[in-house]
Amino acid sequence: MQLHTRIRRGTLATSAAICALSVTLAGCSGTTKDSAKKDSGAAAGNNATANPDAELKKGLKLAFLPKQINNPYEKIVDDAGVEAAKEFGGTGKEVGPSDASASSQVSYINTLIQQRQDAILIAANDPNAVCTPLKNAMKQDIKVVAYDSDTAKDCRQLFINQASSEEIGRSQVRNIAKQLGNKGEIAILSATQNATNQNAWIDFMKDELTKPEYKDMKLVKVAYGDDDDQKSFQETQGLLKAYPKLKGIISPTTVGIAAAARYISSSSYKGKVVINGLGTPNQMRKYVKDGTVEQFALWNPKDLGYLGAYAAAALASGQITGAEGEKFKAGRLGEYEVGKDGEVILGSPAVFDKKNIDEFDF
């Protein structure tokens, strides 16, 4: 799987070649009408038949429901999805809670059902807490697309994954190991304890660390900043005090890595403790240039929102149902294929450092 992307200030030009890769992220109690049908995604439960030649419907209403409304990363994703909806004659909006607790999204889903949205796109704070209202939405022919952080598989038709969960998780360990010479204590600063994407990545990080080449590295703690800037800042401080031999922190969340870098940048740990993980170039630029952070990774969040909007439109227009092997066109990003369990993969993450960070603007 490869995604070759060039992003310059003010311009986006992306070409993608997608293969169907999949990681089963979570399970949920309950079944769909036709849950025995293998690898067909939740949409198979309504016995829908795909018509790949169908035109995208005009006037579709899409609603983006992020983990929390004030998350800078998710704002980029959702704004791009709203803009994409305009390309095919639809409308989009972003609604959501101000906190990232497990049940905070439920009331918003219920409201969106009452508003008769054509599709709900959700970055789930918890894979199971949102299941009941999302299933109610699907029963009323409202399409459900998870993005960024998945729900349980039978609670949506599609999951738009940033990249292979395995590649994200393992690459985080590989990246920091190179900086540390494969030696030393490390910690992980995650988002919420129930975040599906974070937990999937962390599982692969832990598995990667069992390989012989990492025998001199030790994961001492997984801390949770709840995607809150101040809490993530305090958790960073707590990790460094609790583990005086700590050599590196992986933060696979844009809020966490920025907060950790901010703390390190003005402390005695600068130049001594490595910070790596997932961040956006605009938020991390100053920390790269002042030497606090050598490198970090991410995909293009604008492309993630753009792809999500087109996937939702394809579902709502009957071009696809969420079954494995179905294909749809996502505007300027080209053609994508639905993988196992309704997963659509955007592409591979890019690594940003001092040499290339000024080439990117998001």
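Let me begin with helix α6, residues 229-242, which lies across β8, β9 and β10 and runs at about 145° to β9; contact here means heavy atoms within 4.5 Å, and the angles, which run from 0 to 180 degrees between N-to-C directions, refer to axes fitted to C-alpha atoms, for helices over the stretch in contact. Helices (H or I, at least four residues) and strands (E, at least two) are DSSP runs, numbered from the N terminus.

Before going further, I should say that this is a predicted model, in which local features need pLDDT of at least 70 and side-chain atom pairs count only at pLDDT 80 or more, while totals for chains, interfaces and linings use all residues. Residues are numbered from 1 along each chain as its sequence is written, and side-chain values use heavy atoms, with hydrogens and water left out.

Helix α5, residues 196-208, also lies across β8, β9 and β10, the last of these being residues 246-251, and runs at about 165° to β8. The strands beneath these statements belong to an open sheet of 4 strands, in the order β9-β8-β10-β11, with parallel pairing, where two strands count as paired if DSSP finds at least two bridges between them. Its edge strands are β9 (217-224) and β11 (274-277), each of which pairs on one side only, and the twist from one strand to the next averages 25°. Within this sheet, β8 (residues 184-190) and β9 pair in the parallel sense over 7 bridges, and I186 stands opposite L219 in β9.

What is the strand order in the open sheet of 6 strands? The order is β4-β3-β5-β6-β7-β15, again with parallel pairing. Because β4 (91-94) and β15 (343-345) stand at the edges, each with a single partner strand, one side of each is left without a neighbour in the sheet. Neighbouring strands here are turned by 20° against each other on average, direction ignored. Strand β6 (residues 143-147) pairs with β7 (residues 158-161) in the parallel sense over 3 bridges, and V145 stands opposite L158 in β7.

Turning to the whole protein, there are 9 helices and 16 strands, and buried residues, meaning those under 20% relative accessible area with a 1.4 Å probe and protein chains only, make up 56% of the 362 residues. Of the contacts with a separation of 6 or more, 72% are between residues 24 or more positions apart. Finally, the protein exposes about 14,500 Å², of which carbon and sulfur atoms supply 47%, the areas coming from the Shrake-Rupley method with a 1.4 Å probe.

Definitions and conventions:
Buried < 20%, exposed > 50% of the residue type's maximum accessible area, 1.4 Å probe, protein only.
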